[in-house]
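Biologist: I am new to this structure and would like a close look at a single part of it, the largest nonpolar core. Which residues touch the most other members there, and which helices supply the core?

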Amino acid sequence: MYGIDVDLIYAQIPFEKIETDFDIMDNEIIQWNKDKRSILALAGVRCLKNIINISPNQGLLVMLMRYVKLWAKNRLIYSNKAGYLSGHSLAIMSANICLEYPEATSLSFLIKQFFNVYKAWKWEDYPLKLVELVDANEEFENASKIVEPWSGTGSSQQRGTKNEGNDGTQMSIITPGFPEQNTTFNVNEFTLKRIVIELKRGSTLIERYSHQGATKIWDVLIKELDWKTHYNYFILILCRAGEFERNGPLECRH
């Protein structure tokens, strides 16, 4: 079956009636919402709108997001559940580059800066934020009791602990707007190393080919990673359903 996969997320709106001038950026949608999942679902849409709205060049931002998303997918570092980057993470990273270079008119320039900036970013010490955190006590006092926003607890070293992952401190890329969330909460020590390796690879390739004036660099940069030759060791997992499982529902996701 062919087509485009779409995630449809249900969210409650705390209004008795939806007017024709309904605006999803209305803060009352979050403030008076009593359902946690709805708040998070609405926050995801509002986050992307915030990212687009604060960008000085929306056209370049969209092209940059598309390119780095393809790069992350081909280099096997695109999966929030597996501890890598997500679409939201890459969108925030791209928007930050556009904000840092508002006068940029070239996509190739922004791609180069994307890799140059993030290859050297101290992820454990400096969270990536596009805007300052919202004061929940002023605008979202009710909602903050239902969904706790990211508060910036500091790195593992600052807390005097050493956690190898899933503590939300290995890498922090924060969504703009309440409730702020860390889009890279699942990044662990190993996946962070993989992400940084790919960022350094990108920067090195751009530097190498830029002296030659070659345009093929943009294809080389997003070349698919051959995991069969990249890794030396593999684990084979065989799954077998027992008699009980065969008689009931069995779900499998890849």
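**The largest nonpolar core**

Modeller: Buried residues make up 37% of the 254 residues in this protein, which is shown here as a predicted model. Before turning to the core, it helps to have the setting in view: the protein has 10 helices and 0 strands, and about 16600 Å² of the protein is exposed, with carbon and sulfur atoms supplying 52% of that area. Among contacts between residues at least 6 apart in sequence, 62% join residues at least 24 apart.

The largest nonpolar core holds 42 residues, and those that touch the most other members are Trp-71, Met-93, Phe-114 and Trp-123. At least two residues of this core come from each of α2 (36-54), α3 (58-74), α4 (87-100), α5 (107-119), α7 (189-210) and α8 (217-221), while the largest share, 8 residues, is supplied by α3. As a general matter, nonpolar side chains in soluble globular proteins tend to be buried together.

To follow one of these residues more closely, take Trp-123, which, once its neighbours within four places in sequence are left aside, is in contact with Met-93, Tyr-118 and Leu-128, with Gln-170, Met-171, Ser-172 and Ile-173, and also with Leu-192 and Val-196. Apart from the core described so far, there is a second, separate core of 10 residues, and Ile-29, Ile-30, Ile-39 and Phe-178 are among them.

Key
Residues numbered from 1 in each chain as written. Predicted model: local features only at pLDDT ≥ 70, side-chain atom pairs only at ≥ 80, totals over all residues. Heavy atoms only, no water. Core = buried A, V, L, I, M, F, W, Y, C linked by side-chain atoms within 4.5 Å. Buried < 20%, exposed > 50% of the residue type's maximum accessible area, 1.4 Å probe, protein only. Helix = DSSP H or I, 4+ residues; strand = E, 2+ residues; numbered from the N terminus. Contact = heavy atoms within 4.5 Å. Areas by Shrake-Rupley, 256 points an atom, 1.4 Å probe, with all protein chains shown as cover.
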